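Welcome! Here is a short tour of a protein chain, written for someone meeting it for the first time. Keep the picture in view as you read.

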Amino acid sequence: MSRRRLHSFSNLVAGWVVGLHLLLLPALYFGIGYVVRTSHEDLFVQHARTFSRVIGDEFEVGAALGNPSRIADLLDVAIIHGEGNFAELSYEGHVYRSDAGDPGIRAPAQPDLGFAHGGDDTYFIVLPIVHDGKNAELRLGFDERPTNERVQLAMNRLLWVLALYSLVTISVALLLHYRLSRPILALRQASRVIASGDYAHELNVRTPIRELHDLAVDLENMRRELVGVNAELQSKIRERDAAELSREELQRQLRHRQRLETVGTLA
């Protein structure tokens with residue numbers, strides 16, 4: 001029959017604390033990271049769509065479509081104030097494009113369905129424009145890299161926060177382990193001294209933990225009862241030994257008397 005492997009209290013505390021952190025911290029990191037990334041992406045998409053709708057309404061309601069200079073100004077506003085990197089308007093066979101954007105970007109025919117689609121670090125929105133019965137198409141591109149940088153910065157800060165949390169938690173666990181294990185070690189040391197034969201040694205363990213205090217009191221009461229029983233047994237043994245000596249002395253005297261009687265009879 002195999003013996004169960006015994007572990008010390010400190011090893012169990014350290015093992016449980018480290019094991020729980022290994023399980024919970026990665027899940028917490030990825031869970032919070034998902035929320036952070038999703039919130040940043042949703043804010044980015046909402047901002048891009050709202051800003052694009054404002055520019056589109058300006059083209060539809062205002063008189064910008066009949067003025068190339070005004071078209072260029074609105075397209076530049078989309079780049080400068082909307083965190084965009086591409087702005088283009090197609091109207092009556094002419095394509096107007098902002099010079100403030102990235103010249104290497106080519107707008108797709110369809111808008112992006114979500115953040116980071118297409119793998120080009122640009123979120124494209126295509127809006128149809130109707131002005132005075134004439135159709136136009138507004139194509140805007142918004143740079144996704146600042147949002148990705150903010151997400152990465154937030155994830156790095158989250159990592160530092162979780163690392164600090166782990167350090168504090170492990171430190172608190174070690175402090176609790178010290179506070180809990182000290183009376184347990186004292187009980188073990190006292191029990192070993194008593195087990196070695198020093199029955200007069202008292203189990204005087206002071207601890208604010210009720211369970212350990214009650215355990216120490218109960219063990220001390222058991223020790224005192226055992227000491228009392230041991231003293232009573234030793235007293236009975238001494239009485240028995242004394243009675244045995246007295247009986248032997250009486251038997252010796254009886255034998256001596258019998259010898260004297262025998263000598264007297266012979267005489």
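A residue is called buried when its relative accessible area is under 20%. By that rule, 27% of the 267 residues in the protein chain are buried. Please remember that you are looking at a predicted model.

**The overall plan**
- The protein chain has 4 helices and 4 strands.
- If you start at the N terminus and walk along, the elements come in the order α-α-β-β-β-β-α-α.
- Among contacts with a separation of 6 or more, 54% link residues that are 24 or more positions apart.
- About 18900 Å² of the protein chain is exposed, and 60% of that area comes from carbon and sulfur atoms.

**The hairpin of S1 and S2**
- Strand S1 covers residues 84–91 and strand S2 covers residues 94–97; the two pair in the antiparallel sense over 4 bridges.
- Across this pairing, leucine 89 sits opposite tyrosine 96 in S2.
- The hairpin has 2 residues between its strands, and here glutamate 92 takes a positive phi near 50 degrees.

**The hairpin of S3 and S4**
- S3 and S4 run antiparallel and are joined by 10 bridges.
- One of the pairings puts proline 128 together with its bridge partner in S4, glutamate 137.
- This hairpin also has 2 residues between its strands, and aspartate 132 in the turn has a positive phi of about 55 degrees.
- Is S3 enclosed or open? Because 8 of its 10 residues are buried, S3 is largely enclosed by the rest of the structure.

**The nonpolar cores**
- In soluble globular proteins, nonpolar side chains tend to be buried together.
- The largest nonpolar core here has 25 residues, and those touching the most other members are Phe59, Leu75, Leu89, Leu138 and Phe142.
- Two or more residues of this core come from each of these elements: helix H1 (9–61), helix H2 (68–80), S1, strand S3 (122–131) and strand S4 (134–143).
- H1 gives the largest share of this core, with 6 residues.
- Another core, of 6 residues, lies apart from the largest one, and its members include Leu25, Met155, Leu158 and Leu162.

**A closer look at one residue**
- Which residues does phenylalanine 142 touch, leaving aside those up to four places away in sequence? Among them are Phe44, Ala48, Phe51 and Ser52, as well as Gly82, Glu83, Gly84 and Asn85.
- The list for phenylalanine 142 also includes Asp121, Thr122, Tyr123 and Ile125.

Key
Residues numbered from 1 in each chain as written. Predicted model: local features only at pLDDT ≥ 70, side-chain atom pairs only at ≥ 80, totals over all residues. Heavy atoms only, no water. Pairing = 2+ DSSP bridges. Buried < 20%, exposed > 50% of the residue type's maximum accessible area, 1.4 Å probe, protein only. Contact = heavy atoms within 4.5 Å. Areas by Shrake-Rupley, 256 points an atom, 1.4 Å probe, with all protein chains shown as cover. Core = buried A, V, L, I, M, F, W, Y, C linked by side-chain atoms within 4.5 Å.
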